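Here's a quick briefing on how the helices in this model sit against each other. Have a look at the structure, then read on.

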Amino acid sequence: MSSPRPLRADARRNREALLSAAREAFLAGDTDAHVEEIARSAGVAVGTLYRHFETREALIEEVYRKEVDDLCAAPEQLLDQHAPEEALRRFLLLLVDHAAVGKGMSIALESIMATDSPVFEDARTRMGDALTRLLDAGSAAGTVRGDVTGPTLLRALGGVCAMRVRDGWLDEARQITHLLLDGLRHGLPRTA
C-alpha cells in the first residue's frame, strides 16, 4: 500500500487555517460552530473543509490530535533546556493547561466520544509515555523517585483536572500539581 501524497503548499495552508479556526472557535466556547462558520473564518470554501475533513467530527478529532501532538513534543524540548526535575514540573503544568484547553473543547469532543475513535486512548498512551520519559530522566538524575510510572502519574493528574467544572479550579489544580511533584521528590514509598 502506498503512502498518501504530501499536500501541496496551498492545501497545507488551507488545512492549517481550518484547524486553527476550529480550535479558536471551540476554545472560545463556540462548541456549536458550524462547518460553514469555521470555513469562513479560515478564509476557505466549505468544499475545501470537506476535502480535508469528511465530517465535523473528523475536524474536531484532528484539532484535539494536534493539541496532543504539540503537548507530547514538549518533553524533549524541556529536557534540552532544563534539569529533569524542572522539565517534569513544567510538563505537569502544561498538562494542567491542556486540561483547561480541553474544558473549552469538552462539549465539542463529546460528539466523538460515542464513536469508535481511538483518539482518546492514543492521547492517554502518548501523554503517559511523555511522563515516563521525564520520570526516567528525573530518576536517573536522582531527583525524583523511580517507582512511579507515567500512566500512574497521568491518572493522578487526571483526577486533579476532573475538578475543572468548578470555578477557580485552575489555580487549585496547579497547587495540587506542585504537591504531586513534592511527593515525587521525596524518597521511596514506605513498606508496611
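Some vocabulary for the packing angles: under 35 degrees counts as roughly parallel, over 145 as roughly antiparallel, 65 to 115 as roughly perpendicular, and the rest as oblique. The model is a predicted one, where local features need pLDDT of at least 70 and side-chain atom pairs count only at pLDDT 80 or more, while totals for chains, interfaces and linings use all residues. Residues are numbered from 1 along each chain as its sequence is written, and side-chain values use heavy atoms, with hydrogens and water left out.

**Overall picture**

- The protein chain has eight helices and zero strands, with helices (H or I, at least four residues) and strands (E, at least two) taken as DSSP runs numbered from the N terminus.
- Read from the N terminus, the order of elements is α-α-α-α-α-α-α-α.
- Of the 192 residues in the protein chain, 39% are buried; buried means under 20% relative accessible area, exposed over 50%, and partly exposed in between (1.4 Å probe, protein chains only).
- About 10,900 Å² of the protein chain is exposed, and carbon and sulfur atoms supply 51% of that; the areas come from the Shrake-Rupley method with a 1.4 Å probe, and for residues only the protein chains shown count as cover.
- Among contacts in the protein chain with a separation of 6 or more, 69% are between residues 24 or more positions apart, where contact means heavy atoms within 4.5 Å.

**H6 against H7**

- Two packed helices are described by the angle between their axes and the distance between the axes.
- Helix H6 (residues 119-141) and helix H7 (residues 150-161) have axes that come within 7 Å and cross at roughly 115°; axes are lines fitted to C-alpha atoms, for helices over the stretch in contact, and angles run from 0 to 180 degrees between N-to-C directions.
- H6 and H7 are therefore roughly perpendicular to each other.
- Their crossing is right-handed: the near helix is turned clockwise from the far one by less than a right angle, and anticlockwise would make it left-handed.
- On the H6 side, Arg-124, Met-127, Gly-128, Leu-131, Thr-132 and Leu-135 do the touching, and they meet Gly-150, Pro-151, Leu-153 and Leu-154 of H7.
- That contact has six nonpolar, three polar and one charged residues, with Ala, Val, Leu, Ile, Met, Phe, Trp, Tyr, Cys and Pro counted as nonpolar, Asp, Glu, Lys and Arg as charged, and the others, Gly among them, as polar.

**H7 against H8**

- H7 also packs on helix H8 (residues 169-185), at an angle of about 155° and with the axes 9 Å apart.
- That angle makes H7 roughly antiparallel to H8.
- The crossing of H7 and H8 is right-handed.
- From H7, Leu-153, Ala-156, Leu-157, Val-160 and Cys-161 meet Trp-169, Ala-173, Ile-176, Thr-177, Leu-180 and Leu-184 of H8.
- Sorted by class, this contact has ten nonpolar, one polar and no charged residues.

**H4 against H6**

- Helix H4 (residues 56-81) and H6 cross at roughly 5°, their axes coming within 10 Å.
- H4 is thus roughly parallel to H6.
- The H4 residues in this contact include Tyr-64, Val-68, Leu-71 and Pro-75, and those of H6 include Phe-120, Met-127, Ala-130 and Leu-134.
- The contact of H4 with H6 divides into 13 nonpolar, no polar and six charged residues.

**Residues to click on**

- Phe-91 is in helix H5 (residues 84-113) and is buried, with a relative accessible area of 0%.
- Beyond its neighbours within four places in sequence, Phe-91 is in contact with Leu-71, Ala-74, Pro-75, Leu-78, Ala-130, Leu-131 and Leu-134.
- Phe-91 and Leu-131 are 40 residues apart in sequence, and their C-alpha atoms are 8.0 Å apart in space.
- Val-63 lies in H4 and is buried too, with a relative accessible area of 2%.
- The C-alpha atoms of Val-63 and Phe-26 are separated by 9.4 Å, with their positions 37 residues apart along the chain.
- Arg-51, in helix H3 (residues 46-52), is exposed, with a relative accessible area of 66%.
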